[in-house]
Amino acid sequence: MQSILLGVDRLNGLIGKIFAWCIVILMAAICYEVFCRYVLRDPTTWAYDVSLMLYGALFMMAGAYTLSRNGHVRADFLYRKWQPRTQAKTDLVLYFLFYFPGILALIYSGWGYFHLSYMLNEHSSFSPDGPVIWPFKALIPIVGVMMLLQGMVEVVRCWICIRDGDWPQRLHDVEELEKVILDEAAAKAAEEEARLNAIERESTTRGSL
């Protein structure tokens, strides 16, 4: 079971990392547009559309990857103080109450949105030579399927945590600085507590002698 969960994590992680290169292409396109506009006095007719689609693709395709790394925003000031079983039970309820209905709606409406755009061979209306945009809109239902698959994995993790009392292993790439600081503070506190306990035991031993 764990190998299947991590396999889905790796799949979504690979897709997210591939689309992360959109930020490099986006930066190059914007720099080229600025150069053409202010140096050559000949702005492009495609930079706005390309930047919009690249940013949208980056944002959407990173969703399942972020969920696989447990990186989405939540009310951590409450959540992190709870026991793992309480966290898992809360997550499980919220997944079925909000997450899956929203994702299924995204897949359903996103497919219709893409299909209509494909049938019309839709082009962007933001510029005279607007590029075709139905391939970009095809990402919407694809993202929905990826998020649905990752959501199922997270539900299994919740069930395992409720059963075992601790969260199962997941893949990690980077961590927020806040979490690193909190982990370091917890480690230092545990080390200090162990040192004080050792001093107390040593004092008790000496007193008994």
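Colleague: Let's start with Ala105: what is its relative accessible area, and how do I read that?

Modeller: Buried means under 20% relative accessible area, exposed means over 50%, and partly exposed is in between (1.4 Å probe, protein chains only). Ala105 has a relative accessible area of 40%, so it is partly exposed. You'll find Ala105 in helix α6; helices here are DSSP runs (H or I, at least four residues; strands are E, at least two), numbered from the N terminus. Before we go on: this is a predicted model, where local features need pLDDT of at least 70 and side-chain atom pairs count only at pLDDT 80 or more, while totals for chains, interfaces and linings use all residues. Residues are numbered from 1 along each chain as its sequence is written, and side-chain values use heavy atoms, with hydrogens and water left out.

Colleague: How far apart in space are Ala105 and Ala29?

Modeller: They are 33 Å apart, C-alpha to C-alpha, with their positions 76 residues apart in sequence. Try another pair: Pro43 and Asp173 are 130 residues apart along the sequence and 39 Å apart in space, again C-alpha to C-alpha. Pro43 sits in the loop between α2 and α3, and its relative accessibility of 36% makes it partly exposed.

Colleague: Now helices. What span should α8 have, and what span does it have?

Modeller: The expected span is 1.5 Å times one less than the number of residues. Helix α8 (residues 139–164) has 26 residues, so it should span 38 Å, and its end C-alpha atoms are 37 Å apart, which agrees. Just after α8 comes Gly165, with a positive phi near 85°. Helix α1 (residues 2–19) has 18 residues and reaches 26 Å from first C-alpha to last, close to the 26 Å expected.

Colleague: Which residues of α1 are buried?

Modeller: Leu5, Leu6, Val8, Asp9, Asn12, Gly13 and Gly16. They cover an arc of only 155° around the axis, which means they lie on the same side of α1; the arc is taken from the directions from the helix axis to the C-beta atoms. Ser3, Ile4, Leu14 and Ile18 are exposed on the other side of α1.

Colleague: What about phi: which sign does Arg41 have, positive or negative?

Modeller: Positive, at about 60°, although Arg41 is not a glycine. Arg41 lies in the loop between α2 (22–38) and α3, and is exposed, with a relative accessible area of 66%. Asn121 has a positive phi too, near 50°, and is also a residue other than glycine. Look for Asn121 in the loop between α6 (84–119) and α7; at 41% relative accessibility, Asn121 counts as partly exposed.

Colleague: And pockets? Which residues line the second largest pocket?

Modeller: Rolling a probe the size of a water molecule over the atoms shows where empty space is left. Here a pocket is an open set of points on a 1 Å grid over the protein atoms alone, where a 1.4 Å probe fits, with protein on both sides within 12 Å along at least five of seven lines; lining residues have an atom within 4 Å of a point. The lining of the second largest pocket includes Asp49, Leu52, Met53, Tyr113, Phe126 and Lys137. Two or more lining residues come from each of α3 (47–61) and α7 (134–137), and α3 gives the most, with three.

Colleague: Last one: where does UniProt list a "transmembrane region"?

Modeller: The unreviewed UniProt entry lists residues 18–40, 52–71, 92–114 and 134–153. Its positions use the numbering used here, feature names are shortened, and annotations may be inferred rather than shown by experiment. In the model, residues 18–40 are 83% helix and 0% strand, with end C-alpha atoms 33 Å apart. Residues 92–114 are 100% helix and 0% strand, with end C-alpha atoms 31 Å apart.
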